[in-house]
Amino acid sequence: MMEKKSCNMGNLFSDLEGLRIAIDMEARGRDFYKKAYEQAETKSHKDLFMFLMNEESKHYEQFTGIYQKLRESKNYDSDDYLFDPETSKYLTALAEPCIFPKDKEERAKTLTDIIKAAIQDEKDSILFYDALAKYAKFEEARNIFNLLKEEEQKHVVKLREILNLLV
């Protein structure tokens, strides 16, 4: 069983903070899939991991741009935009395992292990983005989090298809 690491994200979330964490998650996902690509032995597996790595990279770039735009357009750091303390605790608990932790690829040695780990991280991402969308104070942020959730759901389906072929 993998040990979960805690991420220090402070005690209060805002829509902007949620997006910043999403950007970090996408970067870790990109790095995870890059290592999986390097370990894959068949062309079809390499193609899958390259696709997922590119998806994470694309999301990273898109969300970084959105983050900058939102940060410049509204005062998201104001206390008015923070989630209430109970919601912040809940969101922190969802994000604490640090989806796609940096040391995960060192623990996932076989292709089956890599895919199972990726599926779990994608599922954790879905839960996190779903909660962020549910509690978002701005429609712009809600739409972004729902888009992220839909993308991660597609990743789970692709990964599940490959896992079913392996087992």
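In this predicted model, helix α1 (residues 15-39) packs against helix α2 (residues 43-73) at an angle of about 160 degrees, and the two axes lie 8 Å apart. Because angles over 145 degrees count as roughly antiparallel, α1 is roughly antiparallel to α2. The crossing of α1 past α2 is left-handed. Sorted by class, the residues of the contact of α1 with α2 comprise 16 nonpolar, four polar and eight charged.

A good place to look at this pairing is Y67, a residue of helix α2. Y67 touches L16, L19, R20 and I23, when residues up to four places away in sequence are left out of the count. One of these partners, L16, is 51 residues from Y67 in sequence, yet the C-alpha atoms of the two are 6.9 Å apart in space. The relative accessible area of Y67 is 14%, and because buried means under 20%, Y67 is buried.

Stepping back to the whole chain, the model holds six helices and zero strands, and the pattern along the sequence reads α-α-α-α-α-α. Of the 167 residues in the chain, 48% are buried. Contacts across long stretches of sequence are also part of the picture: among contacts between residues at least 6 apart in sequence, 82% join residues at least 24 apart.

Helix α6 (139-166) packs with both of the helices described above. With α1, the packing angle is about 25 degrees and the axes are 11 Å apart. Angles under 35 degrees count as roughly parallel, and α1 and α6 are therefore roughly parallel to each other. Here too the crossing is left-handed, as α1 passes α6. On the α1 side the residues that meet α6 are D15, G18, L19, A22, E26 and Y33, and their counterparts in α6 are A141, I144, F145, L148, E152 and L159. This contact of α1 with α6 divides into eight nonpolar residues, one polar and three charged.

With α2, helix α6 forms an angle of about 170 degrees, and the axes are 12 Å apart. That makes α2 roughly antiparallel to α6. From α2 the contact draws on H45, L48, F51, L52, E55, E56, H59, F63, I66 and L70, while α6 supplies E140, I144, L148, E151, E152, H155, K158, L159, I162 and L166. By class, the contact of α2 with α6 has eleven nonpolar, three polar and six charged residues.

The helices also share a nonpolar interior. The largest nonpolar core has 19 residues, and those with the most contacts inside it are L19, F63, F128, Y129, I144, F145 and L148. Two or more residues of this core come from each of α1, α2, α5 (111-135) and α6, with α1 giving the most, at six residues. I144 shows how the pieces meet: leaving aside residues up to four places away in sequence, I144 touches L19, F63, I66 and L70. A second, separate core has 16 residues, among them A40, M53, I114 and L163.

Key
Residues are numbered from 1 along each chain as its sequence is written. This is a predicted model: local features need pLDDT of at least 70, side-chain atom pairs count only at pLDDT 80 or more; totals for chains, interfaces and linings use all residues. Side-chain values use heavy atoms; hydrogens and water are left out. Axes are lines fitted to C-alpha atoms, for helices over the stretch in contact, and angles run from 0 to 180 degrees between N-to-C directions. Helices (H or I, at least four residues) and strands (E, at least two) are DSSP runs, numbered from the N terminus. Angles under 35 degrees count as roughly parallel, over 145 as roughly antiparallel, 65 to 115 as roughly perpendicular and the rest as oblique. A crossing is left-handed if the near helix is turned anticlockwise from the far one by less than a right angle, and right-handed if clockwise. Ala, Val, Leu, Ile, Met, Phe, Trp, Tyr, Cys and Pro count as nonpolar, Asp, Glu, Lys and Arg as charged, and the others, Gly among them, as polar. A nonpolar core is a set of buried Ala, Val, Leu, Ile, Met, Phe, Trp, Tyr and Cys residues joined through side-chain atoms within 4.5 Å. Buried means under 20% relative accessible area, exposed over 50%, partly exposed in between (1.4 Å probe, protein chains only). Contact means heavy atoms within 4.5 Å.
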